[in-house]
Amino acid sequence: MHTFHKPIQITIYLTLLVIIANGLIGCAGVLSEINIFTDKEEIQLGKNFSQELEKELKIYQDPVVTTYIVELGQRLARHSRRKDIPYYIKVVDTEVVNAFALPGGYLYVNLGLIRASENESELAGVMGHEIGHVVGKHGAKQLTKQLGFAAVAQLVLGKEQSQMEQLVAGIVATGTLMKYSRDAEREADGYAVEEMYAAGIDPEGMAAFFEKLLKLQKTQPSQLGQMFSTHPPTGERIANVRAQIAKLPRKSNLRKDSPRFQQIKKRLPPPKKPQK
Ligand SMILES: [Zn+2]
């Protein structure tokens with residue numbers, strides 16, 4: 001832990017300098033755009049979070065399913081704008097249709113999301129979106145904005161256990177670390193399209209899945225509550241994603257589905273009673 005004292009002190013100074021500099025040139029609301037933590041600090045923050053969080057989650061263990069999800073996630077991460085950090089990907093044994101990311105590359109995919117995805121590109125769309133939040137460093141930025149730099153620095157150091165427990169309780173209840181801004185959601189969608197396209201997966205899958213969620217919301221909203229509150233798939237987002245895809249050079253070999261995805265789906269245990 002001591003190794004983190006120095007970088008944090010340095011980043012505090014840098015942050016103050018940047019804030020002063022921005023104050024001088026009169027930028028408003030710029031704090032959320034500054035990356036205040038080093039990668040090493042952000043990864044440590046995510047690690048502390050994941051250790052606390054996994055006390056509360058039931059991690060799904062079937063190695064055939066988890067290997068597939070890890071490989072799909074790593075493939076997207078490898079094609080992202082942030083491939084220089086390790087990604088940790090786990091499957092959560094819950095029927096809630098959702099996935100979420102912690103700072104520093106810790107990604108959780110719910111069984112319910114795998115089940116709700118009709119093909120690989122739909123699942124990859126949501127996973128790509130979560131990786132997009134990691135790429136945009138949205139978790140660390142949002143935490144810093146809401147709690148302040150000093151409080152987050154304490155979390156990096158593994159201190160402030162009660163604050164950590166409170167945040168983890170929030171994740172368990174809402175399926176996300178913090179509510180991201182509309183801009184952050186749009187940015188994560190954009191990164192997801194890039195990742196999917198570069199990884200050879202049809203990015204239309206993301207738009208198609210969002211569209212399906214919008215329709216499902218009207219007919220059976222019970223299992224979709226969290227997904228909607230944390231990453232609301234609006235018509236505007238779907239249109240933005242499709243506009244971005246339309247600008248990409250045509251690629252003939254983009255994959256919509258894989259036999260392996262369908263095997264994984266068949267392998268899943270029967271769904272448990274819906275959770276409230
Ligand atoms: Zn999101």
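The following questions and answers concern the sheet and the helix packing in this predicted model.

User: In what order do the three strands of the open sheet lie?
Analyst: The pairing within this open sheet is mixed, and the twist averages 20° from one strand to the next. Because β1 (88-92) and β2 (99-102) each have a single partner strand, both stand at the edges, with one side left without a neighbour in the sheet. The order of the strands is therefore β1-β3-β2.

User: Which residue of β3 is the bridge partner of I89?
Analyst: β1 pairs with strand β3, which spans residues 106-110, in the parallel sense and over five bridges. Within β3, the bridge partner of I89 is L107.

User: At about what angle to β2 does helix α5 run?
Analyst: Helix α5, made up of residues 120-135, lies across both β2 and β3. Its direction relative to β2 is given by an angle of about 20°.

User: How are α2 and α8 oriented to each other, roughly parallel or roughly perpendicular?
Analyst: Helix α2 (residues 39-53) packs with helix α8 (residues 161-174) at an angle of about 65°, their axes being 10 Å apart. Since angles of 65 to 115 degrees count as such, the two helices are roughly perpendicular.

User: How do the residues of the contact of α2 with α8 divide into nonpolar, polar and charged?
Analyst: α2 passes α8 in a right-handed crossing. The contact is made by N48, F49, E52 and L53 on the side of α2, and by M164, E165, V168 and I171 on the side of α8. These residues divide into five nonpolar, one polar and two charged.

Key:
Residues numbered from 1 in each chain as written. Predicted model: local features only at pLDDT ≥ 70, side-chain atom pairs only at ≥ 80, totals over all residues. Pairing = 2+ DSSP bridges. Helix = DSSP H or I, 4+ residues; strand = E, 2+ residues; numbered from the N terminus. Axes fitted to C-alpha atoms, helices over the stretch in contact; angles between N-to-C directions. Contact = placed C-beta atoms within 7 Å. Parallel < 35°, antiparallel > 145°, perpendicular 65-115°, else oblique. Left-handed = near helix turned anticlockwise from the far one by under 90°. Nonpolar A, V, L, I, M, F, W, Y, C, P; charged D, E, K, R; others polar.
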